[in-house]
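Biologist: Before we discuss individual residues, I should like each label to be justified by its criterion. Could we proceed in that manner?

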Amino acid sequence: MRSTPWFLFAALFFVLRALPAQDLADGWMYRIEVFGEIAHGSLYNGDSSWGKGVDFGGGAGVRPFSGRLRGLGFELRAGRLSDESAAGPSSSRLASHFIAADALYHFRGRTRVQPYVLGGLGIVNAHYTRTCSACVFNMDPVTKQLTPIPYQSDVQDSKAGLTIGFGLKLAVHRHVSIRPEVLFVDTTPGKGPNWGWLRVQAGVGRHF
C-alpha cells in the first residue's frame, strides 16, 4: 500500500512526541550530522517521466550557530536514481545523480520532534536513452508498404537548479534521528533541460 510509509511516519511522530525529553534539555542541539537516505525518486523532463524507482543518497550537515540562530544549518548531499523500462517496441534507460547544497531552518522546541524546511542549489546530471524498433516508418514508393526504421534518442547533460523541501527529525536517541523528508530539485529556470526530481525519502542521521 502506498499510504503505509506515511502511516508509519505519523505513528512514529506521535509516539516520539509523547516520550519525555529529559535527555534533550538543551533543545536537542548538535553541531555536525551525517546521514543516509533511501527514497522513491521520480525524474521528469517537462511533463514527461524519464524514470522512477528506488533512489539512494546521503550527506553531511553542520549547525554552527548558537542563540537565536541555533536553528539554522547547512547541508551537502548527493543522490542517484536509475531506471529501465520496456513497453512493446520501445525501451528506455535512465542513469542520473545530483549534488545539492542547502540551508535548513529547524523550528525550535524541546521535544523529540524537529520540523525543518530547506532550500538551496543543486546540480543534476542525467543520461537518458530511448530506443524504439517500430515507432518511425518509411514508405516504399513502389510497393507502398511501410518499413519500420529503428529509432534511438540519447540525451546526456548537466544543469544547475533550485532545491526546496521539508521534513522532520525524529529523535530515537540523543545522537540518532530518523528523517522523513520530501525534496524537489527543479532545473526549469534558464536555458537547457527542464528537469524536475521529486524524492519522498526516509533517512537516518547520526549527530555529534
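Modeller: The exchange below takes up the fold, the strand pairing, the aromatic rings and some single residues. The model is predicted.

Biologist: What is the order of helix and strands along the sequence?

Modeller: The pattern reads α-β-β-β-β-β-β-β-β, with 1 helix and 8 strands in the protein.

Biologist: How many residues does the protein have, and what share of them is buried?

Modeller: There are 208 residues, of which 36% are buried. The protein exposes about 11,600 Å², and carbon and sulfur atoms supply 64% of that area. Among contacts between residues at least 6 apart in sequence, 64% join residues at least 24 apart.

Biologist: What makes strand 1 and strand 2 a pair?

Modeller: Pairing requires at least two bridges. Strand 1 (residues 32–45) and strand 2 (residues 48–62) are joined by 14 bridges and run antiparallel, so the criterion is met. Within this pairing, S42 stands opposite K52 in strand 2. The hairpin of these strands has 2 residues between them, and G46 takes a positive phi near 65°.

Biologist: How do you know that strand 3 pairs with strand 2 and also with strand 4?

Modeller: The same cut-off of at least two bridges applies. Strand 2 is joined to strand 3 (residues 72–87) by 8 bridges, and strand 3 to strand 4 by 16 bridges. Both counts satisfy the cut-off, so both are pairs. Strand 3 runs antiparallel to strand 2 and antiparallel to strand 4. G58 stands opposite A78 in strand 3, while D83 stands opposite L94 in strand 4. Strand 3 and strand 4 form a hairpin with 2 residues between them, and G88 in the turn has a positive phi of about 65°.

Biologist: How many aromatic pairs does a search of the whole structure find?

Modeller: The search finds 5 aromatic pairs. One of them consists of F98 and W197, with 5.0 Å centre to centre and 75° between the planes.

Biologist: Why is the pair of F98 and W197 called edge-to-face?

Modeller: Ring centres must lie within 6.5 Å, and planes over 60 degrees apart count as edge-to-face. The values of 5.0 Å and 75° satisfy both conditions, so the pair is edge-to-face. The pair links distant parts of the chain, as F98 lies in strand 4 (residues 90–106) and W197 in strand 8 (residues 195–207), 99 residues apart.

Biologist: What makes F98 and W197 count as buried?

Modeller: Buried means under 20% relative accessible area. F98 has 2% and therefore counts as buried; W197 has 1% and therefore is buried as well.

Biologist: Why is the pair of Y105 and F107 edge-to-face?

Modeller: Their ring centres are 5.4 Å apart and their planes stand at 85°, so the pair is edge-to-face. Y105 has 34% relative accessibility and therefore counts as partly exposed. F107, at 38%, is also partly exposed, because the class covers values between 20% and 50%.

Biologist: Where does F107 lie, and with which residues is F107 in contact?

Modeller: F107 lies in the loop between strand 4 and strand 5 (113–139). Leaving aside neighbours within four places in sequence, F107 is in contact with Q114, P115, Y116 and V117. The C-alpha atoms of F107 and G71, 36 residues apart along the chain, are separated by 6.3 Å.

Biologist: How do you know that the charged end of R179 sits over the ring of F35?

Modeller: The distance condition is within 6 Å of the ring centre, and a condition of within 35 degrees of the ring normal applies too. The charged end of R179 is 4.1 Å from the centre of the F35 ring. Likewise, the charged end of R63 sits over the ring of Y30, 4.8 Å from its centre.

Biologist: What makes the link between R199 and E37 a polar contact?

Modeller: The limit for the atom pair is 3.5 Å. The side chains of R199 and E37 are joined at 3.0 Å, so the distance falls within that limit. R199 lies in strand 8 and, at 0% relative accessibility, counts as buried.

Biologist: Why does P180 count as buried?

Modeller: P180 has 8% relative accessibility, and buried means under 20%, so the label applies. P180 lies in strand 7 (residues 176–186).

Key:
Residues numbered from 1 in each chain as written. Predicted model: local features only at pLDDT ≥ 70, side-chain atom pairs only at ≥ 80, totals over all residues. Heavy atoms only, no water. Helix = DSSP H or I, 4+ residues; strand = E, 2+ residues; numbered from the N terminus. Buried < 20%, exposed > 50% of the residue type's maximum accessible area, 1.4 Å probe, protein only. Contact = heavy atoms within 4.5 Å. Areas by Shrake-Rupley, 256 points an atom, 1.4 Å probe, with all protein chains shown as cover. Phe/Tyr/Trp six-rings, centres within 6.5 Å; stacked < 30°, edge-to-face > 60°. Polar contact = N/O pair within 3.5 Å; in protein donor to acceptor, adjacent residues only side chain to side chain.
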